[in-house]
Amino acid sequence: MSTDLNASLRAAARTLTDATDVTLLAHVNPDADALGSALALGLVLHRMGKEVRVSFGAPDDVPETLRDLDVEGLLVPASAVPAAPEVLVALDTGSVKRLGPLADRVESAGAVVVLDHHVSNPGYGTVNVVDDTAEATALVVLRLLDELGVELDEPVARCVYAGLVTDTRSFRHASSETHLVAARLLDAGVDAEAVARPLMDSHPFGYLGMLAKVLSRACLEPAGAGGLGFVHAVVTLEDAEGLRPEEVESVVDLVRTTAEAEVAAVLKELRPAYWSVSLRAVSKVDVREVAQLLGGGGHRLAAGFTARGEADDVLVKLREALETVAGS
């Protein structure tokens, strides 16, 4: 770990130790890394006697698969977030825009601590702990917990593990050091199967019908992405009716298995003609650059953006961005 990162961790620890009221925010449509990281740190701060709340800008409901991580009832709706927080912690949020309706709290907060692992993060906090070599923000949070000198018990370790197992794709993208961290979390009492199954391997029966419709319309473009292959699928509001956001988010993990395609994309309709697009790459194309061309961001092999219009029009712009990046 760099000297600068160590100094940032110490500054973050001092800010949180001195605070009496802390608001922790995950990005919109929070995943296990964002919300698990926020709840792990929030639980520790709550035990330290601070007033703590954890929230996110959208949607209104907490993802069902993550609710069990909130053992102390720290999650509150966006409407309950103070207009001017004493200390605001933004987790796994690569830009202010990703806070959605709560983005204005960055300007109004007394202090802002940013904990993240996105290389594109500009450092919008008063204290920025951004480690783009970390496979998950949960690892950044764990280092901060160690800096705070707190006990790593099962409820806290479970939140960290949830973020780690999902962002590393079940440790397929994990260093040897990260595997050692996983062992530490298991030693703290985490039941790996109990945490991972609801997050990654459990879906309602209706999910199968949705997949059948969506995958039957999937399209492979062998010449796409600079000749490396591009596969894409579209999930409409009708396709997703009655299903949780978690089911829709998981579609890209199946589409990305297409052997003939370097890049996979799934367009998910959030409301009429408004799409959230997930991008994945195998190894050769930096889809973060693709997403940035279209107003989004993310990581080299996993990124995304939002877009308005008809699905075909979104795909036209996506193909153009892919050719720009893959051909450079």
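Colleague: What is the relative accessible area of Lys 268, and is this residue buried or exposed?

Modeller: Lys 268 has a relative accessible area of 3% and is therefore buried, a word that stands for under 20% relative accessible area, with exposed for over 50% and partly exposed in between (1.4 Å probe, protein chains only). Please keep in mind that this is a predicted model, in which local features need pLDDT of at least 70 and side-chain atom pairs count only at pLDDT 80 or more, whereas totals for chains, interfaces and linings use all residues. Residues are numbered from 1 along each chain as its sequence is written, and side-chain values use heavy atoms, with hydrogens and water left out.

Colleague: With which residue does Lys 268 form a salt bridge?

Modeller: A salt bridge is a side-chain nitrogen of Lys or Arg within 4 Å of a carboxyl oxygen of Asp or Glu. Here the partner of Lys 268 is Glu 249, and the closest N and O atoms are 3.1 Å apart. The pair links distant parts of the chain, since Glu 249 lies in helix α11 (residues 245–249) and Lys 268 in strand β8, 19 residues apart; helices (H or I, at least four residues) and strands (E, at least two) are DSSP runs, numbered from the N terminus. Unlike its buried partner, Glu 249 counts as partly exposed, at 38% relative accessibility.

Colleague: How many salt bridges does the structure hold?

Modeller: There are 13. In one of these, Glu 221 and Arg 319 have their closest N and O atoms 2.8 Å apart, and this pair links strand β6 (residues 219–221) to helix α14 (residues 311–326) across 98 residues of sequence. Glu 221 counts as buried at 17% relative accessibility, while Arg 319, at 29%, is partly exposed. Salt bridges can also share a residue: Glu 247 meets Arg 244 at 2.7 Å, N to O, with both residues buried, and these two are linked with Glu 64 in a network.

Colleague: Which strands pair with β9?

Modeller: Two strands pair if DSSP finds at least two bridges between them. Strand β8 (residues 263–271) pairs with β9 in the antiparallel sense over 8 bridges, one partnership being that of Arg 271 with Tyr 274. These two strands form a hairpin with 2 residues between them, and Ala 273 in the turn has a positive phi of about 60°. Strand β11 (residues 302–308) also runs antiparallel to β9, joined by 7 bridges, and Gly 304 in β11 is the bridge partner of Ser 278.

Colleague: Why is strand β9 largely enclosed by the rest of the structure?

Modeller: In a regular strand the side chains alternate between the two faces of the sheet. In β9 (residues 274–281), 8 of the 8 residues are buried, so the strand is largely enclosed. On one side these are Tyr 274, Ser 276, Ser 278 and Arg 280, and on the other Trp 275, Val 277, Leu 279 and Ala 281.

Colleague: With which side chain does Arg 53 make a polar contact?

Modeller: A polar contact is a pair of N or O atoms within 3.5 Å; within protein, one must be able to donate a hydrogen and the other to accept it, and residues adjacent in sequence count only if both atoms are side-chain atoms. The side chain of Arg 53 meets that of Asp 21 at 2.7 Å. Arg 53 sits in strand β2 (residues 51–56) and is buried, with a relative accessible area of 11%.
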